[in-house]
Amino acid sequence: MINKRKNIYAPSSNGDIVLTGVRKVIAIMGQSNIDGRADIVGLPSDIENPTPLVKYYQNSSWNDWDCTKPPARWASLDNSFAHDTIWLQRLAEDLNENIYIVKKSRGGTTFKQTTNVKGDWNISSTEPENHYLEFIRRLTNTKNYVEQVEFKNFELSGLVVDIFESDNDISDVPTLTTDFKNFITKIREFANNQNLPILHRRLNIIQNGVDQWVIDLQDFFANNTEAQGGIDNYYLVDGEGTTFFDGVHLDAVSNELLSDRFIPLVKTHFYNIPL
């Protein structure tokens with residue numbers, strides 16, 4: 001049974017609205033493997049789609065999340081799913097409460113500024129397809145709704161990242177490091193939390209186009225403090241053992257494997273629930 005929480009607010013003595021309670025929101029971003037490419041035939045039988053347990057904000061209200069439709073994805077790619085399709089619903093059931101998300105994903109995108117029609121996540125990009133700006137717009141609209149309609153405090157509880165597969169030129173290591181850190185800084189500024197936890201799927205060397213230096217860079221960020229050049233409160237979700245149905249995109253079995261690995265980390269770092 002899911003707990004149905006009422007929107008409770010109270011006017012202050014001068015008539016201003018006082019925000020009561022907290023709406024926790026998870027932000028999710030990345031490229032095709034979080035956009036979802038696994039055949040829906042392989043979706044575990046316990047997973048509903050759309051699921052009433054996971055909510056995203058659109059058209060001035062929270063909606064049941066349909067993982068195969070915009071705005072969860074960049075376009076309508078029916079009959080496929082990603083790992084978050086599984087772990088979001090299972091986590092909601094485990095916590096016995098709804099989970100609220102903001103998601104932006106597009107296959108083939110990079111942090112490096114590009115003229116590619118798919119766009120990029122660079123905070124300085126002037127391209128029409130600037131996914132960073134669209135991500136911030138969605139987060140801002142959600143925050144405004146939570147505070148101005150639900151009269152709750154908006155809290156970004158964590159950021160899920162599934163990207164770097166297209167940032168695969170070793171000569172771009174310094175640029176990628178700077179661009180990614182700048183993006184994280186901006187998201188943390190929006191969240192008003194310089195320690196906002198980040199979960200990043202650790203890439204797998206068997207994936208086509210993924211070089212060891214990219215994985216080494218992920219490991220460096222995770223294993224070093226900010227003062228040492230790493231990223232504080234940045235954690236990797238193990239990608240070992242995952243397989244790819246076309247050499248690039250995670251298959252159904254691997255998405256479920258990753259789901260099992262995401263859940264305890266999300267509970268620990270986003271919800272402060274000890275293992």
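Me: Two strands count as paired once DSSP finds at least two bridges between them. How many bridges join β5 to β6?
Reply: There are 5. This is a predicted model, by the way. β5 covers residues 51-58 and β6 covers residues 61-65. The two run antiparallel.

Me: Which residue of β6 is the bridge partner of Q58?
Reply: S61 is the partner of Q58.

Me: And what sits between the two strands?
Reply: A turn with 2 residues, which makes β5 and β6 a hairpin. N59 lies in that turn and has a positive phi of about 55°.

Me: Is β5 mostly covered or mostly open?
Reply: Mostly covered. Of its 8 residues, 6 are buried.

Me: Which way does β8 run relative to β5, parallel or antiparallel?
Reply: Parallel. β8 spans residues 99-105, and 3 bridges join it to β5. In one of the pairings, K55 has Y100 of β8 as its bridge partner.

Me: Zoom out. What is the strand order in the sheet?
Reply: β6-β5-β8-β3-β9-β10-β11. That is an open sheet of 7 strands with mixed pairing.

Me: Why do β6 and β11 each have a side without a neighbour?
Reply: Because they stand at the edges of the sheet, each with a single partner strand.

Me: How much twist from one strand to the next?
Reply: The average is 35°.

Me: What about the β11 end? How do β10 and β11 pair?
Reply: In the parallel sense, over 4 bridges. β10 is residues 198-201. R201 stands opposite V237 in β11.

Me: Where does α2 pack?
Reply: On the sheet. Helix α2, residues 83-95, touches β3, β5, β6, β8, β9 and β10. Its direction makes about 115° with that of β5.

Me: Switching to cores. How many residues are in the largest nonpolar one?
Reply: It has 40. F135, L159 and F183 have the most contacts inside it. Elements giving two or more residues include β3, β8, α3, β9 and α4, along with α5 and β11.

Me: Which element gives the most?
Reply: α4, with 7 residues.

Me: What is F135 in contact with, leaving aside neighbours within four places in sequence?
Reply: A27, I28, M29, V102, K103, K104, W121, L159, F183 and I187.

Me: Which residues are in the second core?
Reply: Among them are F81, W87, F244 and F262. This core is separate and has 32 residues.

Me: Back to the helices. At what angle do α4 and α5 pack?
Reply: About 45°, with their axes 12 Å apart. The two helices are therefore oblique to each other.

Me: Is the crossing left-handed or right-handed?
Reply: Right-handed, for α4 and α5.

Me: And which residues make the contact?
Reply: On α4, V173, L176, T177, F180 and K181. On α5, W213, L217 and F221.

Me: Last topic, E134. Where is it found?
Reply: In helix α3, which covers residues 131-148.

Me: Why does E134 count as partly exposed?
Reply: Because its relative accessibility is 21%. The buried class means under 20%, and exposed means over 50%.

Me: How far apart are E134 and E256 in space?
Reply: 28 Å, C-alpha to C-alpha. In sequence, E134 and E256 are 122 residues apart.

Methods
Residues are numbered from 1 along each chain as its sequence is written. This is a predicted model: local features need pLDDT of at least 70, side-chain atom pairs count only at pLDDT 80 or more; totals for chains, interfaces and linings use all residues. Side-chain values use heavy atoms; hydrogens and water are left out. Buried means under 20% relative accessible area, exposed over 50%, partly exposed in between (1.4 Å probe, protein chains only). A nonpolar core is a set of buried Ala, Val, Leu, Ile, Met, Phe, Trp, Tyr and Cys residues joined through side-chain atoms within 4.5 Å. Contact means heavy atoms within 4.5 Å. Axes are lines fitted to C-alpha atoms, for helices over the stretch in contact, and angles run from 0 to 180 degrees between N-to-C directions. Angles under 35 degrees count as roughly parallel, over 145 as roughly antiparallel, 65 to 115 as roughly perpendicular and the rest as oblique. A crossing is left-handed if the near helix is turned anticlockwise from the far one by less than a right angle, and right-handed if clockwise.
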